[in-house]
Amino acid sequence: MNKPLVGAFLAALLLGAGAAPVVAAEPAQQAQEAASKAGPEAKAVTFAGTVALSNCSGSVVRSPDSAPTDPALVLSNGHCLESGFPGPGEVIVDQPSSRTFTLLNASGDGVGTLKASKIAYGTMTDTDLSLYETTSTYQQIEDSYGIQALELETAHPTAGTAITVASGYWKRTYSCDIDGFVHQLKEGRWTWKDSVRYTPECQTIGGTSGSPVIDDATGKVVAVNNTGNESGQECTDNNPCEVDENGEVTVREGINYAQQTYNMVPCIGVGSKIDLNREGCGLPKP
């Protein structure tokens, strides 16, 4: 995993020690570069709608059918849950939570605090994601802060798509392309399916876990950033390996990955309720 970090002090130590493989460009510069790469019709990706957790990154997201009066959802990783890593096969639903999130504006400034009412969904089986239901509606967030939720893409992404990983924790963006998709991505005890593999330019680091992966051309969320192979080991913690349909294992040191989000959109029902029995819902059930 792009390891969750323990508090801002550790984050500052890591940054000071040069832990980041690549020093990210200033947000405005990276946004401009991403927009140029995606083409003249693309809008620059900003931090608006992203959030910082205590140990990870995340974003306020909505489905295309979400109503302004629905409770806002915050997307992050399953391995970022305050309760710790869910075990293989474990699925968490409707668990009370009072976690808070720092909401960022386009420039990456914290403008307010959102509070969770519950963990609506969380797992590290087949995917690595968490969805928190907050005590604020989408309309209340927009009225209070002028910030709209990021919309979730409903279709499977395609290779070659220009993307931006926007980390609310670090207030950094990483721009690259979708290099391809991994049949199975294995890391320690966990296995994820149909994972997104980045091209080498996205050198994400600890604390970027849970960041939205945004299609530069549409501005929609296509995945959630979650891991990378740090030292070339095979299928160990922090060193995921790729397994193809024939069981062949490939290790790509320095390459990072994300989990797709289109298959969770049908699971979001009226009032932001997660219904795993809805038609088309692709999330694992308890």
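This report walks through the disulfides of the structure and one buried serine.

A quick note on the setup: this is a predicted model, so to speak of local features a pLDDT of at least 70 is needed, side-chain atom pairs count only at pLDDT 80 or more, and totals for chains, interfaces and linings use all residues. Residues are numbered from 1 along each chain as its sequence is written, and side-chain values use heavy atoms, with hydrogens and water left out.

**The disulfides**

The structure holds four disulfides, where a disulfide is taken as a pair of cysteine sulfur atoms within 2.5 Å. Counting bonded cysteines along the chain, the pairing pattern reads 1-2, 3-4, 5-6, 7-8. Three of the pairs, including their S-S torsions, are set out here.

| Pair | S to S distance | S-S torsion | Hand |
|---|---|---|---|
| Cys 56 and Cys 80 | 2.1 Å | about -85 degrees | left-handed |
| Cys 176 and Cys 202 | 2.1 Å | -100 degrees | left-handed |
| Cys 235 and Cys 241 | 1.9 Å | about 95 degrees | right-handed |

Take Cys 56 and Cys 80, which form a disulfide. The pair links distant parts of the chain, 24 residues apart: Cys 56 sits in the loop between β1 (50-52) and β2 (57-62), and Cys 80 in the loop between β3 (71-76) and β4 (91-96). Strands here are DSSP runs (E, at least two residues), numbered from the N terminus. Cys 56 is buried at 0% relative accessible area, and Cys 80 is buried at 1%; buried means under 20%, exposed over 50%, and partly exposed in between, with a 1.4 Å probe and protein chains only.

Next up is the disulfide that joins Cys 176 to Cys 202. Cys 176 belongs to strand β10 (residues 172-187) while Cys 202 is in the loop between β11 and β12, so the link ties together parts 26 residues apart in sequence. Both of these cysteines are buried.

Then there's the link between Cys 235 and Cys 241. Cys 235 is partly exposed, with 21% relative accessibility, whereas Cys 241 is buried at 0%.

**Ser 209**

Ser 209 lies in the loop between β11 (190-198) and β12 (212-215), and Cys 202 is in the loop between β11 and β12 too. Ser 209 is buried, its relative accessible area being 0%. What does its side chain touch? The side chain of Ser 209 makes a polar contact with that of His 79, at 2.9 Å. A polar contact is a pair of N or O atoms within 3.5 Å; within protein, one must be able to donate a hydrogen and the other to accept it, and residues adjacent in sequence count only if both atoms are side-chain atoms.

Note on methods: Helices (H or I, at least four residues) and strands (E, at least two) are DSSP runs, numbered from the N terminus.
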